[in-house]
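Reader: I'd like a close look at one part of this protein, the buried interior. Could you walk me through what packs there, and then work outwards to the charged pairs and the surface?

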Amino acid sequence: MEWKSACRLFLFPVQMFYSIIRASLLSAWPRRRKDLAKDLAKELVLVTGGGRGIGRHLAREFSKQGCRKVILWGRTEKCLKETADEISLSGTECHYFVCDVANREEVYKQAKVVREKVGDVTILVNNAAVVHGKSLMNSDDDALLKSQHINTMGQFWTTKAFLPRMLELQHGHVVCMNSILSQSPIPGAIDYCTSKASSLAFMESLTLGLLDCPGVGCTTVLPFHTNTEMFQGMRVRFPRLFPPLRPELVAQSTVDAVRANKAFLYLPWTMHVLVMLKSFMPQVALEEIHKFSGSYTCMNTFKGRT
């Protein structure tokens with residue numbers, strides 16, 4: 001036993017080094033779309049918050065890349081119907097259901113309806129989110145709770161509703177549309193940053209927990225500021241140096257990451273540098289970077305979704 005333990009101890013750094021090099025090479029030379037592993041032809045995709053914003057673009061992209069059916073969940077029927085009609089016209093079967101992911105009982109009820117009327121969800125995209133956009137002392141208590149219930153707890157309920165069947169089928173994928181703000185928070189969005197940090201911890205734990213579950217994977221997407229009405233009014237100090245991401249690009253990169261079974265996706269790739277800097281730089285230096293970049297005041301002109 002001592003000999004075996006010594007061998008494992010010796011091999012551990014070698015395996016770690018190999019894994020780091022392999023992951024770095026795969027990130028540096030991403031595969032072409034036609035070479036991606038997962039074929040979407042038999043997939044039934046459910047997108048929460050699918051009526052507008054990034055959710056609408058995700059639904060379009062999954063349809064474009066050949067998934068069998070798309071299901072939209074959201075709270076605004078008008079937006080859901082518009083998106084569903086657009087997807088249906090493109091030739092992909094699309095259904096929508098009014099569902100507030102913050103309401104646990106409603107999630108479980110609608111999940112049952114989806115299984116009975118449409119079929120088994122094989123790709124769950126947790127995209128629904130809200131942002132209050134105020135400092136802690138200026139925030140309404142109910143608005144703070146709403147952010148946590150939708151952005152964080154909603155993922156618990158949807159995942160608990162659909163993951164058991166994926167495990168039973170040994171086929172499925174859970175996607176989380178997170179944010180780089182989960183790892184690099186800014187003032188003025190304390191509700192959003194907190195909920196996304198909790199959401200990231202949820203996905204990290206879930207991803208590790210599913211390592212021994214064949215056929216079931218996870219993808220967490222952490223994009224920089226994306227140009228949608230959700231963050232309308234937010235101002236970046238150097239927009240030419242750090243332009244907001246196009247939602248079409250975020251959606252396309254997300255679907256490609258799901259097909260490649262990629263666990264974590266940072267958009268753009270330079271966000272890796274930000275995370276690395278934060279891991280070793282002193283707090284004083286980080287504060288100076290925030291001041292220089294203007295993140296202290298970027299939410300001062302925030303308007304949000306009308």
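Author: Here's a tour that starts in the core and ends at the surface.

A word on the source: this is a predicted model, with local features needing pLDDT of at least 70 and side-chain atom pairs counted only at pLDDT 80 or more, while totals for chains, interfaces and linings use all residues. Residues are numbered from 1 along each chain as its sequence is written, and side-chain values use heavy atoms, with hydrogens and water left out.

The protein has nine helices and seven strands (DSSP runs numbered from the N terminus: H or I of at least four residues for helices, E of at least two for strands). Of its 306 residues, 45% are buried (under 20% relative accessible area; exposed is over 50% and partly exposed is in between, with a 1.4 Å probe and protein chains only). Contacts here are heavy atoms within 4.5 Å. Among those with a separation of 6 or more, 74% are between residues 24 or more positions apart.

Now the core itself. A nonpolar core is a set of buried Ala, Val, Leu, Ile, Met, Phe, Trp, Tyr and Cys residues joined through side-chain atoms within 4.5 Å. The largest one holds 33 residues, and Phe62, Ile123, Val125 and Met177 touch the most other members. Helix H7 (residues 247-259) is its top contributor, with five residues. Apart from this core lies another, of 29 residues, including Leu46 and Leu206.

Let's zoom in on two of those hubs. Not counting residues up to four places away in sequence, Ile123 touches, among others, Leu40, Leu44, Phe62, Met166, Val175 and Val258. Met177 sits in strand E5 and is buried, at 5% relative accessible area. With neighbours within four places set aside, its contacts include Ile54, Leu58, Val125, Lys196 and Val250. Val221 is another of those contacts; the C-alpha atoms of Met177 and Val221 are 5.1 Å from each other, though 44 residues separate them along the chain.

Lys196 leads us to helix H6 (residues 190-209), where it is one of the buried residues, along with Tyr192, Phe202 and Leu206, among others. The buried residues of H6 pack against helix H5 (141-169) and strands E5 (172-177), E6 (216-223) and E7 (264-267). From first C-alpha to last, the 20 residues of H6 reach 29 Å, close to the expected 28 Å (1.5 Å times one less than the number of residues).

On to the charges. The whole structure has nine salt bridges, each a side-chain nitrogen of Lys or Arg within 4 Å of a carboxyl oxygen of Asp or Glu. One joins Lys69 and Glu93 at 3.9 Å, N to O. Because Lys69 lies in strand E2 and Glu93 in strand E3, this pair ties together parts that are 24 residues apart in sequence. Lys69 is buried, at 12%, whereas Glu93 is partly exposed, at 37%. Another bridge, at 3.1 Å, N to O, pairs Arg165 with Asp120. Arg165 belongs to helix H5 and Asp120 to the loop between helix H4 and strand E4, 45 residues apart.

Finally, the surface. About 16,800 Å² is exposed, 59% of it from carbon and sulfur atoms (Shrake-Rupley areas with a 1.4 Å probe; for residues, only the protein chains shown count as cover). Trp269, Val273, Met276, Leu277 and Phe280 form a nonpolar surface patch there, with about 560 Å² of accessible area together. Patches use residues with over 30% relative accessible area and no salt bridge, joining like charges within 9 Å and nonpolar side chains (Val, Leu, Ile, Met, Phe, Trp, Tyr) within 5 Å. Leu277, in helix H8, is partly exposed at 31%.
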